[in-house]
Amino acid sequence: MAKQIVIEKTKIGDHPSTYRFTFDEDGIQKSGFVIFFDNAYYVYRNECQHLPVELDWQENEFLDDENNFIVCATHGAIYEPSTGHCVNGPCQGSFLKKIEFIEDLDKIVINI
Ligand code: FES
């Protein structure tokens with residue numbers, strides 16, 4: 001049965017910012033994150049496309065120093081925030097897995 005995760009937009013913050021969340025999938029704890037970037041929200045699974053590891057180097061630290069890209073802490077793959085496209089690194093050309101969501105006036109609703 002699908003689980004609903006509701007995240008208030010006030011918890012996410014202004015451009016660029018991220019909000020990490022966890023969910024249970026077949027008894028295994030997984031994580032994802034919302035990124036607010038250039039006035040739009042995107043939601044991805046927190047999983048690099050090179051190896052099945054989480055991206056953030058510290059909890060909820062997903063962005064590079066210039067806050068322009070999502071970066072994998074393990075080998076430095078670089079992903080575009082708006083598409084999840086890996087533009088540099090060992091998984092270049094692949095995409096982060098999107099998580100479907102509904103944007104409400106003051107919240108992001110994820111059904112997972
Ligand atoms: S595990 Fe992410 S770049 Fe290698």
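**Exercise 1. Arg45 and its surroundings**

Task: In this predicted model, find the strand in which Arg45 lies, and then work out which residues distant in sequence Arg45 is in contact with.

Solution. Begin with the position along the chain: Arg45 belongs to strand β4, which covers residues 40-45. Next, set aside the neighbours of Arg45 within four places in sequence, and the residues in contact with Arg45 are Phe23, Glu25, Ser31, Gly32, Phe33, Leu55, Lys97 and Ile99. One of these partners, Glu25, can then be examined further, since the side chains of Arg45 and Glu25 are joined by a polar contact of 2.6 Å. Finally, turn to a separation in space: between Arg45 and Pro81, which stand 36 residues apart in sequence, the C-alpha to C-alpha distance is 13 Å.

**Exercise 2. The hairpin of β2 and β3**

Task: Determine in which sense strands β2 and β3 pair, and describe the turn that lies between them.

Solution. The first step is to locate the strands, with β2 running over residues 17-25 and β3 over residues 28-37. These two strands pair in the antiparallel sense, and nine bridges are found along the pairing. The second step is to look at Glu25, whose bridge partner in β3 is Ile28. The third step concerns the turn: β2 and β3 form a hairpin with two residues between them, and Asp26, which has its place in the loop between β2 and β3, shows a positive phi of about 55° although it is not a glycine. The last step is the accessibility of Asp26, which counts as exposed because its relative accessibility is 76%, above the cut-off of 50%.

**Exercise 3. Two further backbone features**

Task: Locate the cis peptide bond between His15 and Pro16, and describe the backbone and the accessibility of Asn60.

Solution. For the peptide bond, follow the chain from His15 to Pro16, where the bond is cis and omega is near -20°. Pro16 itself is found in the loop between α1, residues 9-12, and β2. For the second part, go to the loop between β4 and β5, where Asn60 is found. Asn60 is not a glycine, and yet its phi is positive, at about 70°. With a relative accessibility of 26%, Asn60 counts as partly exposed.

**Exercise 4. Salt bridges**

Task: State how many salt bridges the model contains, and explain which parts of the chain are tied together by the pair Lys9 and Glu103 and by the pair Glu54 and Arg20.

Solution. The count comes to five salt bridges. Take the pair Lys9 and Glu103, whose side chains meet in a salt bridge with an N to O distance of 2.7 Å. Because Lys9 lies in helix α1 and Glu103 in strand β8, residues 101-103, the pair ties together parts that are 94 residues apart in sequence. Within this pair, Lys9 counts as buried at 16% relative accessibility, whereas Glu103 counts as partly exposed at 46%.

Now take Glu54 and Arg20, whose side chains meet in a salt bridge at 2.6 Å, N to O. Glu54 lies in the loop between β4 and β5 and Arg20 in strand β2, so this pair ties together parts that are 34 residues apart in sequence. Glu54 counts as partly exposed at 37% relative accessibility, while Arg20, at 17%, counts as buried.

A further salt bridge is formed by Lys107 with Asp104, where the closest N and O atoms are 3.9 Å apart, a value that falls within the 4 Å cut-off. Lys107 is partly exposed at 25% relative accessibility, and Asp104 is partly exposed as well, with a relative accessible area of 36%. To complete the picture, salt bridges that share partners join Arg20, Glu54 and Asp56 into one network.

**Exercise 5. The sheet of β5, β6 and β7**

Task: Give the order of the three strands in this open sheet, and explain which strands stand at its edges.

Solution. The strands follow the order β5-β6-β7, and their pairing is antiparallel. β5 and β7, the latter covering residues 86-88, stand at the edges with a single partner strand each, so one side of each is left without a neighbour in the sheet. Looking at one pairing in detail, β6, residues 78-79, and β7 pair over two bridges in the antiparallel sense, and Ile78 stands opposite Asn88 in β7.

Conventions
Residues numbered from 1 in each chain as written. Predicted model: local features only at pLDDT ≥ 70, side-chain atom pairs only at ≥ 80, totals over all residues. Heavy atoms only, no water. Pairing = 2+ DSSP bridges. Helix = DSSP H or I, 4+ residues; strand = E, 2+ residues; numbered from the N terminus. Contact = heavy atoms within 4.5 Å. Polar contact = N/O pair within 3.5 Å; in protein donor to acceptor, adjacent residues only side chain to side chain. Buried < 20%, exposed > 50% of the residue type's maximum accessible area, 1.4 Å probe, protein only.
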